Amino acid sequence: MNRRSHFQRLLLLAASTTVIAGGAVFPSSAMAATAAPHTATVTTAASDHDAHRQHGSPASAKQWVETTDAVSGIKFRLPGKPEVVHFTQAVDGMNGRLYKVRTDNGVIVFAVFDLPSAQGELDDALRGLVDGYNAGTQSPQHKLSSTDVHKITAHGRPGLDARLSAPDGAAGSARLIAGDAHFIEIISLSPKGKEKPMHETYQQLLASVRNPHTHATRAD
């Protein structure tokens with residue numbers, strides 16, 4: 001199995017795990033991942049300052065938690081303590097960590113894969129994400145499609161931004177970033193009627209990301 005097929009398979013697993021994280025938010029999409037990921041808790045630091053600053057925001061009911069991916073050193077904040085899924089080279093074909101939090105407005109995911117120089121695979125990654133999610137849907141009404149796909153520069157590295165939507169009104173966003181040593185995937189999904197508060201939470205997550213290997217912190 002070559003590197004690209006490993007990469008596509010891992011993105012399918014990540015998308016499947018996102019579906020599982022949705023649980024009651026997306027009841028029609030309940031499924032088992034194509035391989036059993038390894039779950040674990042994560043050491044995080046809650047920020048009271050952020051909790052007060054976010055007062056009145058869609059995620060203010062939960063304290064925002066600063067999380068560090070130990071392997072890459074990437075820091076980010078999530079609207080609650082995340083569940084962590086570990087992927088390994090031996091079992092899954094690649095090492096990676098997926099951090100997921102379900103809120104009242106949907107599900108949000110931050111994943112880091114130890115994959116260098118994946119710039120040319122951004123389109124494949126987005127396709128794998130959408131296909132992985134749709135593999136678990138029970139009706140065409142729940143199948144996601146990606147729109148408004150455009151190239152960006154995030155943290156000094158090439159990436160893609162996309163909107164996600166389904167005929168039943170589910171909506172979300174995805175950002176994929178190809179770093180020198182790591183591939184980052186950020187996803188939000190919400191059911192109909194929760195799009196606006198979940199998108200605000202997603203934007204707050206994007207703004208919180210700090211990558212020690214780069215200096216730029218915004219998408220161009």
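Visitor: How many cavities of 30 Å³ or more does a search of the whole structure find?

Guide: Two. Keep in mind that this is a predicted model.

Visitor: What makes an empty spot a cavity, not a pocket?

Guide: A 1.4 Å probe has to fit there but be unable to get out, whereas a pocket is open. Rolling a probe the size of a water molecule over the atoms shows where empty space is left.

Visitor: What is the volume of the second largest cavity?

Guide: About 30 Å³. Its lining residues are Arg163, Ala171, Gly172, Ser173, Ser188, Ser190, Glu195, Met198 and His199. Strands and a helix share that job: β10 (171–178), β11 (183–190) and α5 (195–208) each give two or more residues to the lining.

Visitor: How do you know how many nonpolar, polar and charged residues are in that lining?

Guide: You sort them by class, and you get two nonpolar, five polar and two charged residues. Ala and Met count as nonpolar, Glu and Arg as charged, and Gly goes with the polar ones.

Visitor: On to the rings. How many aromatic pairs are there?

Guide: The count comes to three. In one of them, Phe76 and Phe110 are 3.8 Å apart, centre to centre, with 15° between the planes.

Visitor: Why is that pair called stacked?

Guide: Centres have to lie within 6.5 Å to pair, and 3.8 Å passes; planes under 30 degrees apart count as stacked, so 15° settles it. The pair also ties together parts that are 34 residues apart in sequence, because Phe76 lies in strand β4 (residues 75–78) and Phe110 in strand β7 (residues 106–113).

Visitor: What makes Phe76 and Phe110 buried?

Guide: Buried means under 20% relative accessible area. Phe76 has 0%, and Phe110 is at 0% too, so both count as buried.

Visitor: How do you know what kind of pair Phe87 and Phe113 form?

Guide: Look at the angle. Their planes are at 70°, and over 60 degrees is edge-to-face, so that's the name this pair gets. The ring centres are 6.2 Å apart, which is within the 6.5 Å cut-off. Phe87 sits in strand β5 (residues 83–87) and Phe113 in strand β7, so this pair links parts 26 residues apart in sequence.

Visitor: Are Phe87 and Phe113 buried or exposed?

Guide: Buried. Phe87 has 3% relative accessibility, and Phe113 has 0%; both values fall under the 20% cut-off.

Visitor: Which residues form an aromatic cluster?

Guide: Phe76, Tyr99 and Phe110 form one.

Visitor: What about Gly132: where is it, and why is it called buried?

Guide: Gly132 is in helix α4 (residues 122–134). Its relative accessibility is 1%, so under the 20% cut-off Gly132 counts as buried. The C-alpha atoms of Gly132 and Leu144 are 9.9 Å apart, with their positions 12 residues apart along the chain.

Visitor: And what does the whole protein look like?

Guide: The protein has five helices and 11 strands. Of its 220 residues, 52% count as buried. Among contacts with a separation of 6 or more, 56% are between residues 24 or more positions apart.

Visitor: How do you know where the predictor's confidence is below 50?

Guide: You check pLDDT, the predictor's confidence in each residue. The mean is 75, and 67% of residues reach 70 or more. Over residues 20–61, though, pLDDT is below 50, and that stretch has 91 contacts beyond near neighbours in sequence. Residues 216–220 also stay under 50, with 13 contacts beyond four places in sequence.

Key. Residues are numbered from 1 along each chain as its sequence is written. This is a predicted model: local features need pLDDT of at least 70, side-chain atom pairs count only at pLDDT 80 or more; totals for chains, interfaces and linings use all residues. Side-chain values use heavy atoms; hydrogens and water are left out. Rings of Phe, Tyr and Trp (its six-membered ring) pair if their centres lie within 6.5 Å; planes under 30 degrees apart count as stacked, over 60 as edge-to-face and the rest as tilted. Helices (H or I, at least four residues) and strands (E, at least two) are DSSP runs, numbered from the N terminus. Buried means under 20% relative accessible area, exposed over 50%, partly exposed in between (1.4 Å probe, protein chains only). On a 1 Å grid over the protein atoms alone, a cavity is a set of points where a 1.4 Å probe fits but cannot get out, and a pocket is an open set with protein on both sides within 12 Å along at least five of seven lines; lining residues have an atom within 4 Å of a point. Grid points are joined across faces, edges and corners, and a volume is the space filled by probe spheres set on the points. pLDDT is the predictor's confidence in each residue, from 0 to 100. Contact means heavy atoms within 4.5 Å.
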